[in-house]
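Student: Could you take me through the salt bridges of this protein, one group at a time? I would like a close look at the charged side chains and their surroundings.

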Amino acid sequence: MKILIIPAFFRTKSRPTAGSFFWDQALALQKAGHQVTILYSDTYSVKCIGEYLGYAEASKLVSENVSIYRKKVFCPLKHGMEGHRETFAKEIQKLYDIFVGENEKPDIIHAHCCVWAGYAAMRLSEKTKIPYVITEHATMFQLHRDKISAANNQYIAEAFGKASKVICVSEAFRTLISEYKPKDEMEVIGNVVDCERFYPAKKETQKGISFLTICYMETPDQLYKKGIDILLKAWQNIAAAYPDAKLLIGGGGHAAAKAVEWCREYGISEQVVFLGALERRQVADQMRQCDFFVLPSRYETFGVVYIEAFACGKPVIAAANGGPDEFVCDFNGKLIPPGDVKALVLAMKQMIENSEQYDAEKIRAFAEEQFSAPAIARQLEQVYAKIKKSEENGH
């Protein structure tokens, strides 16, 4: 099958892990024997003029047998959703015209995130008569539902409504966006985890125990969303009880300075290591070498980093916030109430004291069976096949 993917955001040279779950899914489909192409418009506002001027991405390339067409666009209104919506859709249409001039017409369009990839897919589908699906990941429907204007909500509802299928990354998220699409017209398919990159390995000899967390820290909002404030408060207790313990924090961003400041305030700077921005290979290396993974996010629609930790055979601690609830259980980790410092301290202590109860092979097998590239590709193929059959029957 010929599959055209439109992501709402995508990796760049400066942010190589952005949209990694879109890329992993594209690779999964390609490895399953499909012809996969990505169209992406990099839109930059006045606020990001420096990045726009320094843009150095190829307009067309083939990476791991996936074709990528992209272009940069100056969009003064990007940070106003209305301006970004139309600009993004128009540029995707232009990229499609270039693509289809060199290739056969695709069988299906797969957009990742309705705002505004799903909208662009809808507009493209209207012109080409190619069916489209939307996989929704965006936490905006959890965090900022009240900030979506009536006008934008109308476009969101239209894009979801006309999609041949809406895919949600968790059951909780399907319930969350059911105002836009009946639940029986949606599917739940998790994100892909690269089990070839993330795998268990013998841990190097080291003193003490280590917890790892991975997240972007671009803004104070991201620190709050990912629960880094909660984690560092809880770490005061762990540092006092286990002097040799280390908390490793991977991920770059301007707001990391605030996390460093909290460490000084709490007197835990010696037991917290900031690893900075990491490439995927480095994330996998860190996960293999840690003892436990912890990320007490207040909001997660899915949480692919937890599954990556599973793939490395590591137990995790997560907050029961909708996404992780569906895959974190007794044999592979612990769930705590969102924002609960005491519960987080208790969970970390229990994990340290009862580490022998976690079977790395069993945890790894769960990740492979549920979220590996072949597993997710099979689920997507079933969705595409149903849509194709429906099209052939004239529905």
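Tutor: Happy to! Lys13, Asp42, Glu57 and Arg70 are linked in a network of salt bridges. The model is a predicted one, so please read each distance below as computed from that model. As background, side chains of opposite charge can pair when their charged atoms come close. The cut-off that matters here is a side-chain nitrogen of Lys or Arg within 4 Å of a carboxyl oxygen of Asp or Glu. By this rule, the count comes to 27 salt bridges.

Let us look at some individual pairs. Glu308 bonds in this way with Arg280, and their closest N and O atoms are 2.8 Å apart. Glu308 belongs to helix α12 (residues 304-311) and Arg280 to helix α11 (residues 280-289), so this salt bridge ties together parts that are 28 residues apart in sequence. Both partners, Glu308 and Arg280, are buried.

Now take a pair inside one helix. Glu91 and Lys94 form a salt bridge, with 3.4 Å between the closest N and O atoms. These two residues sit three positions apart in helix α3 (residues 81-100), which means that about one helical turn separates them. Their surroundings can be read from the relative accessible areas: Glu91 has 8% and is buried, while Lys94 has 44% and counts as partly exposed.

Asp194 and Arg197 give another example, where the closest N and O atoms are 3.6 Å apart. Asp194 is buried at 17% relative accessibility, and Arg197, at 33%, is partly exposed.

Stepping back to the whole chain, we find 49 positive and 49 negative side chains. The centres of these two sets lie 3 Å apart. The accessible surface of the chain comes to about 17,100 Å², with carbon and sulfur atoms supplying 50% of it. Buried residues make up 55% of the 395 residues.

The fold that carries these charges has 15 helices and 14 strands. Its radius of gyration is 21 Å, close to the 21 Å that the globule rule gives for 395 residues, so the chain is as compact as a globular protein of that length. Along the principal axes, the C-alpha atoms fill a box of roughly 65 × 45 × 40 Å. Finally, among contacts with a separation of 6 or more, 72% are between residues 24 or more positions apart.

Definitions and conventions
Residues numbered from 1 in each chain as written. Predicted model: local features only at pLDDT ≥ 70, side-chain atom pairs only at ≥ 80, totals over all residues. Heavy atoms only, no water. Helix = DSSP H or I, 4+ residues; strand = E, 2+ residues; numbered from the N terminus. Rg over C-alpha atoms; globule rule 2.2 N^0.38 Å. Buried < 20%, exposed > 50% of the residue type's maximum accessible area, 1.4 Å probe, protein only. Contact = heavy atoms within 4.5 Å. Areas by Shrake-Rupley, 256 points an atom, 1.4 Å probe, with all protein chains shown as cover. Lys, Arg positive; Asp, Glu negative; His and termini not counted. Charge placed at Lys NZ, Arg CZ, Asp CG, Glu CD.
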